[in-house]
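Have the viewer ready and a pencil at hand: here are some exercises to work through with the model open. Try each task before you read its solution.

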Amino acid sequence: MSSIDRISRKPAPPIDDVHVNAAAAAEAAENTTNHRVDTTFDKFHDRYSTRSLGLKTSPVRALFAVANRPEVVSLAGGMPNIADLPLDVVGESLKELVDTRGAVVMQYGSGQGEPEIREHICEVMAVEGLIADPDDVTVTCGSQQGLDLVTRIFCNPGDVVMAESPAYVGALNTFASYQAEVIHVDMDNNGLVPESLREHVTAARRNGKSVKFLYTVPNHSNPSGISQSAKRRREVLAAADELDLLVVEDNPYGLLNLDGDPLPTLKSMDPDNVVYLGSFSKTFAPGFRVGWVLSPSFVRDKLVLAQESATLCPPVFSQFAVSSYLAHWDWRAQVGSFIDMYRARRDTMLASLADTMPEGTTWSRPSGGFFVWLTMPGAVDSAAMLPRAVTNLVAYTPGTAFYADGRGQRNIRLSFCYPTPERIKVGVERLAGVIREELDIAKTFELADGRHHLRDFGPGPNLA
Ligand SMILES: Cc1ncc(COP(=O)(O)O)c(C=O)c1O
């Protein structure tokens, strides 16, 4: 039996809603004559907005089906490991909520979000030294919706957003959905390179482009795992100030420092020029979909209008559920135990990479968050290699997902958040074997470094 045969044949859930369900199509064909049975024809295909055509299936979503197969070690997704949450405590507080305040917590609420959760959000931000007024907070459905609303209120089609290289795939999709153009700014081991920011913004403006903001994840970036040093934060803010450029700081991993204390947020360093996105997804649970935007008051007013047009109000029950968890549980200690768990997983991944990876492979050494960014030597294409990796029972996210311009072919994002240390070790060993084989093949076909066909866009982060 080949290793692919060992993978369960259970069909993957549909990942593309425009595809007609095969069973429904067959039934329709039985009931009508002259009815086409093409299972992929979409009769609305010529009616979708230009905006919708820019949307790509997220490789992460496509991989969910693979990740769920028990034989495959998935180093692909970014799901937090919430198995250690006190589910009994959460359950009791939800019951109490319904029993005592059911008519309020299941009602419509404020477009800006409930005052109670906005107070709690300020307490959470204070742990990172970010002191804020609840009035400047807008609650969103996860920070993903924060990104959506911020892009909605700032970007017209054709406007430019500056982003890290590589950048969070969910943000790239949001920018694409508003037809904004993404220009990647170079990174090194200390984060964004201010000179590159200056160069790219100046060049874009010279070409008549309207550059709307810089999008950055300064703490334990997804996907690179890199954090901006304190000095670099000051330099990036100074460059943004000089360029009169708004900064959008996305900070879902800020409390997950595995090696020390948090560095100051960009928002605390330059409150008037930074819009800050936060989330409970990584420090509590993503299922409640509660995130937030902290912004200057004029921006907040626009965000609330945008939130009202999108959802009327963010989910009230979720906001109360999160408030209740924060009030009833020692959430700081809980974050501490998440940190211990993720540190053990990160350390296992780094040790396994050092033990197994072929010479010339490099990777980042994150001080927090969920991800390691790996660079393969030679002419190896991570997207083309993925089916072979899955055949060998390991999955990852190809680097190309994190660039809007086709880069990332030699890169892989590995996540250490979800699998156990034992599984991480096995997964990395399998991946090392796959990369070795792929390098051998590349060598055989004379595609090795120097003569390779892959596009090379310069150094990117020096992750050696
Ligand atoms: C950098 C970054 N921003 C935003 C999000 C979205 O998180 P949320 O669950 O708060 O919408 C994620 C999720 O993985 C992320 O990694």
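## Exercise 1: Strands 7, 8, 9 and 10

Strand 7 (residues 211–216) and strand 8 run parallel and are joined by four bridges. The model is a predicted one, so please read each answer as a statement about that prediction.

**Task.** Find which residue stands opposite Leu 214 in strand 8, and trace how the chain crosses from strand 7 to strand 8.

**Solution.**
- Step 1. Begin at Leu 214 and look across to strand 8: the residue opposite is Val 247.
- Step 2. Now follow the chain: on its way from strand 7 to strand 8 it passes through helix 9 (residues 230–243), and this β-α-β crossover is right-handed.

**Task.** Work out which residues of strand 8 sit on each of its two faces, and whether they are buried or exposed.

**Solution.**
- Step 1. Recall the general pattern: in a regular strand, side chains alternate between the two faces of the sheet.
- Step 2. Sort the residues: Leu 246, Val 248 and Asp 250 lie on one side, with Val 247 and Glu 249 on the other.
- Step 3. Check the burial: both faces are covered, and five of the five residues of strand 8 are buried.

**Task.** Continue to strand 9 (residues 274–279) and describe how strand 9 pairs with strand 8 and with strand 10 (residues 290–294).

**Solution.**
- Step 1. Strand 8 (residues 246–250) and strand 9 run parallel, joined by four bridges. Here Val 247 stands opposite Val 274.
- Step 2. Strand 9 and strand 10 also pair over four bridges, but in the antiparallel sense. Leu 277 has Val 293 of strand 10 as its bridge partner.
- Step 3. Look at burial in strand 9: six of its six residues are buried. Val 274, Tyr 276 and Gly 278 cover one side, while Val 275, Leu 277 and Ser 279 cover the other.

## Exercise 2: The nonpolar cores

**Task.** In the largest nonpolar core, which residues touch the most other members, and why does this core lie between two domains?

**Solution.**
- Step 1. Pick out the best-connected members: of 66 residues, Val 161, Met 162, Tyr 215, Val 248, Val 293 and Val 322 touch the most others.
- Step 2. Ask who contributes: helix 12 (residues 316–328) gives the largest share, five residues.
- Step 3. Bring in the domains: the core lies between domain 2 (59–84 + 333–444) and domain 3 (87–329) because both give residues to it.
- Step 4. Take Val 161 as an example. Beyond its neighbours within four places in sequence, Val 161 is in contact with Cys 155, Phe 175, Ala 180, Val 182, Lys 212, Phe 213 and Tyr 215.
- Step 5. Finally, look for another core: one of 41 residues lies apart from the largest, and among its members are Leu 75, Tyr 253, Leu 255 and Met 385.

## Exercise 3: Glu 164

**Task.** Decide whether Glu 164 is buried or exposed, and list its contacts beyond four places in sequence.

**Solution.**
- Step 1. Locate Glu 164 in strand 3 (residues 160–164).
- Step 2. Count the surroundings: 27 other C-beta atoms lie within 10 Å of Glu 164, so this residue is buried. The cut-off for buried is 20 or more.
- Step 3. List the contacts outside four places in sequence: His 184, Val 185, Met 187, Leu 192, Thr 216, Val 217 and Ser 221.
- Step 4. Check one of these partners: Val 185 is 21 residues away along the chain, with 5.2 Å between its C-alpha atom and that of Glu 164.

## Exercise 4: Helix 14

**Task.** Find which residues of helix 14 (residues 382–391) are buried, and which exposed residues are on the face turned away from them.

**Solution.**
- Step 1. The buried residues are Ser 382, Met 385, Leu 386, Ala 389 and Val 390.
- Step 2. These residues lie on the same side of helix 14, because they cover an arc of only 145° around the axis.
- Step 3. A general rule helps here: an α-helix has 3.6 residues a turn, so residues three or four places apart point the same way.
- Step 4. Turn to the opposite face, which carries the exposed residues Ala 384 and Pro 387.
- Step 5. Move just past helix 14 to Leu 393, which takes a positive phi of about 65°.

Notes
Residues are numbered from 1 along each chain as its sequence is written. This is a predicted model: local features need pLDDT of at least 70, side-chain atom pairs count only at pLDDT 80 or more; totals for chains, interfaces and linings use all residues. A residue is buried if 20 or more other C-beta atoms lie within 10 Å of its own, exposed if 12 or fewer, and partly exposed in between; C-beta atoms are placed from the backbone. The arc is that of the directions from the helix axis to the C-beta atoms. A nonpolar core is a set of buried Ala, Val, Leu, Ile, Met, Phe, Trp, Tyr and Cys residues joined through C-beta atoms within 7 Å. Domain bounds come from an automatic or database domain assignment. Two residues are in contact if their C-beta atoms, placed from the backbone, lie within 7 Å. Two strands pair if DSSP finds at least two bridges between them. A crossover is right-handed if, with the strands pointing away from the viewer, the path from the first strand over the helix to the second runs clockwise.
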